[in-house]
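Welcome! Here are some short exercises to work through with the structure open beside you. Try each task before reading its solution.

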Amino acid sequence: MRDIFEAIQRSSIRIKKAIDVKDIGYSQEQNSSGETQLQLDIQCDMIIEEEFSRVASIHTIASEEKEHAVELHDSGKYYIAYDPLDGSSLVDVNLSVGSIYGIYEKSFSGTHLVAACYVVFGPRVEMVFAHNKTKLHLLQGDHWEFVKEIRLNNKGKLNAPGGTQQHWAPYHKTLIDGLFQEGYRLRYSGGMVPDLHQILLKGGGLFSYPATADKPNGKLRLLFEVFPFAFIFEKSGGHAIDGVTRILERPVAHVHDTAPCFFGSEYEIERVRDVYTSNQ
Ligand code: AFP
């Protein structure tokens with residue numbers, strides 16, 4: 001696992017440099033979700049693949065930017081699914097973006113996830129790696145320093161509601177409005193990495209991306225976005241569900257599958273579960 005951790009650290013230093021200098025031009029290619037790929041996405045994907053191809057313990061990689069998984073080392077035991085630059089449309093407005101990694105053993109399934117990591121590229125570059133515990137590291141020049149362990153409180157103060165409100169189910173709107181009426185504050189940038197990072201570092205809250213009338217399976221991708229953050233939240237004392245069920249138990253049929261998802265501390269996730277269970 002150490003070699004993977006270090007490969008992510010090396011990739012992140014290179015990605016940081018790419019973000020700092022790259023022109024924000026659009027390429028002609030589309031990724032498997034049908035979005036126009038930014039050249040920067042492609043560049044970050046290539047950086048990560050290059051670093052991972054040097055790590056013998058990695059069997060297969062799947063990238064949000066690639067249609068299919070790619071086998072790297074026949075004798076490796078880890079399967080890594082990653083989103084090289086999540087929220088890349090936010091780069092041109094200079095908001096924070098991030099990379100997300102899920103490290104699986106034997107196959108890509110939520111129950112086979114053994115570690116997860118994300119890196120936030122904001123005013124500072126920070127890396128959160130969860131294995132047995134969740135640990136925060138900060139990039140200082142060209143080296144990484146351990147900062148602290150991350151633990152969530154039982155109840156937070158932040159509310160990050162994703163999806164177009166026009167398409168929310170009425171009970172979902174009631175749930176979100178109810179949290180605001182309790183004093184929760186809105187924090188939503190449109191980048192999953194900084195939005196969840198803020199909830200983790202400020203002690204808790206709720207991030208939701210529900211099923212909506214226009215996106216019945218949600219928007220966020222299970223292998224690259226949802227599972228890694230679910231693992232990180234659980235290792236930090238929080239929870240991640242699809243409304244009713246623990247999200248890491250959700251089956252995956254295709255590498256690019258999406259699902260509705262809710263991440264938060266104990267109190268908020270119980271609220272979600274109550275509302276969703278009684279509206280099934
Ligand atoms: P992009 O990579 O297309 O910017 O999407 C980012 C993202 O996948 C995730 O990081 C956000 O939480 C989510 O989409 C925001 O989606 P909405 O704009 O629909 O709220």
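**Exercise 1. Look at the shell around the ligand and sort its residues by class.**

Solution. Keep in mind from the start that this is a predicted model.
Step 1: Collect the residues around the ligand, taking those with a heavy atom within 4 Å of it. This gives 15 residues, and the closest are Asp 86, Ser 89, Tyr 188, Met 192 and Tyr 209.
Step 2: Sort the shell by class. Five of its residues are nonpolar, six are polar and four are charged.
Step 3: Ask where the shell comes from. Domain 1 (2-149) and domain 2 (158-278) each supply at least three of its residues.

**Exercise 2. Find which polar atoms of the protein lie beside oxygen atoms of the ligand.**

Solution. A pair of N or O atoms counts here if the two are within 3.5 Å.
Step 1: Begin with the backbone. A polar backbone atom of Gly 87 is 3.0 Å from an oxygen atom of the ligand.
Step 2: Move on to the side chains. For Tyr 209, an N or O atom of the side chain is 2.6 Å from a ligand oxygen. For Glu 225, a polar side-chain atom lies 3.2 Å from an oxygen atom of the ligand.
Step 3: Add the covering. On its own the ligand has 490 Å² of accessible area, and the protein covers 80% of this.

**Exercise 3. Describe how the two domains are placed relative to each other.**

Solution.
Step 1: Set the bounds: domain 1 spans 2-149 and domain 2 spans 158-278.
Step 2: Take the centres over C-alpha atoms; they are 22 Å apart.
Step 3: Turn to the contacts. Here 40 residues of domain 1 meet 26 residues of domain 2.

**Exercise 4. Trace the open sheet of eight strands, then the one of five.**

Solution.
Step 1: Read the eight-stranded sheet in order: β4-β3-β5-β6-β7-β8-β9-β10, with mixed pairing. At its edges are β4 (70-71) and β10 (143-149), each paired on one side only.
Step 2: Pick one pair inside this order. Strands β7 (residues 113-121) and β8 (residues 125-130) are antiparallel and share six bridges. Cys 117, for instance, has Phe 129 in β8 as its bridge partner.
Step 3: Now read the five-stranded sheet: β12-β11-β13-β15-β14, again an open sheet with mixed pairing. β12 (185-186) and β14 (239-241) are the edge strands with a single partner each, so one side of each has no neighbour in the sheet.
Step 4: Finish with β11 (residues 158-161) and β13 (residues 205-209), which run parallel and are joined by four bridges. Leu 158 has Gly 205 in β13 as its bridge partner.

Key: Residues numbered from 1 in each chain as written. Predicted model: local features only at pLDDT ≥ 70, side-chain atom pairs only at ≥ 80, totals over all residues. Heavy atoms only, no water. Polar contact = N/O pair within 3.5 Å; in protein donor to acceptor, adjacent residues only side chain to side chain. Areas by Shrake-Rupley, 256 points an atom, 1.4 Å probe, with all protein chains shown as cover. Nonpolar A, V, L, I, M, F, W, Y, C, P; charged D, E, K, R; others polar. Domains from an automatic or database assignment. Pairing = 2+ DSSP bridges. Helix = DSSP H or I, 4+ residues; strand = E, 2+ residues; numbered from the N terminus. Contact = heavy atoms within 4.5 Å.
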